[in-house]
Amino acid sequence: MRRSGTIARQALLVRVGRRSGDAGRAATATRAEVIYTGTDLLPSPSYARGRTVATSGSSHGPVAMAQPAVVEADSASLLPGEHTLRRQVSFALVNACTLASLGLGLLAIFLAMHGDVRIAAACLVACVGFDGLDGALARKLGVSSPFGAQMDSLADMCSFGLAAPVVVYASLAHSVPTAFAAIACVLVAGCAAIRLARFNVSPKDGRFFSGVPTTMAAAVLALTVLLDLPMPGIVVVGGVALLAIAMVSSFPYAKVAQLVKLPMWLWLLPIGAALINAELTFVMVVAAYLFSGPIMWARAKRIA
């Protein structure tokens, strides 16, 4: 028997995977399981948007719940779009390439620690290959995703922001003062982190890179070690520092797609020179690319 003026409230137990946006912690609940023990849920009136109203099953009227109930929602997916077997396999293949780049970067660090710097540099070159492959496959197979972009960025930081300077440091260990080599390599790691973070949050320009891309900088460092350039160690340290600063600069640098469209004679010239002296040709090509950014920036300023 009910006493006068007393409403028997029945329990509504709610368990959620994420709290709702009204709690101020997350925008969307991914899963909710509601255990109903007799309380009826009514749509909230227009003046109480986002709240849930419950009744006790009698005519005493609605009673405001302390916590909002959350309806069942699908969990967020890492792969946007249709989940066919073909797309899932393609998605796994693309991310396997990203993980391969990450693993090769770690292997390069291990090899450099044991003094095998040239093999470590070869691993970095392979990292560059897998980094280009995962992006190309993602676009070709139609499985590009925000998750894949973040995975790629983290793998790049490991392989190009950490492994590359470690390999360079190991190669310079006995030719320059340790402090100079350490400062240059820390500069590479810091600038790579800034470059990758800036790339993730900045609007993209389809024509040019803003600053030297991390992948290209790592490729230059790896080839510098692999070719064992006949240059004084202190000159190499200066070049490493210059490359690091170029990564975080705002100078426009041509993308590979634009370089491919250059006249054929511009390609034949460095190829022929490489047959005569590969090391000198490599240095000249890298220097020309580094200085192309400031030149294009100055031309754009003059035209504007």
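Start by selecting proline 213, in the loop between β6 and α5; helices (H or I, at least four residues) and strands (E, at least two) are DSSP runs, numbered from the N terminus. Proline 213 counts as buried because its relative accessibility is 10%. Here buried means under 20% relative accessible area, exposed over 50%, and partly exposed in between, with a 1.4 Å probe and protein chains only. Before you go on: this is a predicted model, where local features need pLDDT of at least 70, side-chain atom pairs count only at pLDDT 80 or more, and totals for chains, interfaces and linings use all residues. Residues are numbered from 1 along each chain as its sequence is written, and side-chain values use heavy atoms, with hydrogens and water left out.

Now show the neighbours of proline 213. Leaving aside residues up to four places away in sequence, proline 213 touches Arg195 and Tyr289, a contact being heavy atoms within 4.5 Å. Leucine 196 is 17 residues from proline 213 along the chain, and their C-alpha atoms are separated by 8.6 Å.

Leucine 196 takes you into helix α4, so select residues 178–201. Helix α4 has 24 residues and reaches 35 Å from its first C-alpha to its last, close to the 34 Å expected at 1.5 Å a residue; the expected span is 1.5 Å times one less than the number of residues. Colour its buried residues: Ala181, Ala184, Cys185, Val188, Ala189, Cys191, Ala192, Arg195 and Leu196. An α-helix has 3.6 residues a turn, so residues three or four places apart point the same way. What covers the buried residues of α4 includes α3, β6 (208–210), α5 (214–227) and α6 (233–248).

Next, go to α3 (residues 146–172) and pick phenylalanine 160. Phenylalanine 160 counts as buried because its relative accessibility is 2%. Which residues does phenylalanine 160 touch, not counting those up to four places away in sequence? Light up Ser101, Leu124, Cys127, Val128, Asp131, Pro165, Thr214, Thr215 and Ala218. Alanine 218 is 58 residues from phenylalanine 160 in sequence, yet 5.3 Å away in space, C-alpha to C-alpha.

Stay with Cys127, one of those contacts, and add cysteine 123. Why is there no bond between them? The sulfur of cysteine 123 is 7.0 Å from the closest cysteine sulfur, in cysteine 127, which is too far. Cysteine 127 is likewise in no disulfide, the term for a pair of cysteine sulfur atoms within 2.5 Å. Both are tucked away: cysteine 123 is buried at a relative accessible area of 10%, and cysteine 127 is buried at 0% relative accessibility. Scan the whole structure and the disulfide count is zero.

Now for a backbone stop. Aspartate 228 sits in the loop between α5 and α6. Its phi is near 50°, a positive value in a residue other than glycine. Aspartate 228 counts as exposed because its relative accessibility is 55%.

Finish on the surface: select Val256, Val260, Leu262, Met264, Trp265, Leu266, Trp267, Leu268, Leu269 and Ile271, which make a nonpolar patch of about 1000 Å². The elements giving two or more residues to this patch are α7 (256–260) and α8 (264–276), with α8 giving the most, seven. Leucine 269, in α8, counts as exposed because its relative accessibility is 56%.

Note on methods: Patch = residues over 30% accessible without salt bridge, like charges linked within 9 Å, V, L, I, M, F, W, Y side chains within 5 Å. Areas by Shrake-Rupley, 256 points an atom, 1.4 Å probe, with all protein chains shown as cover. Salt bridge = Lys/Arg side-chain N within 4 Å of Asp/Glu carboxyl O.
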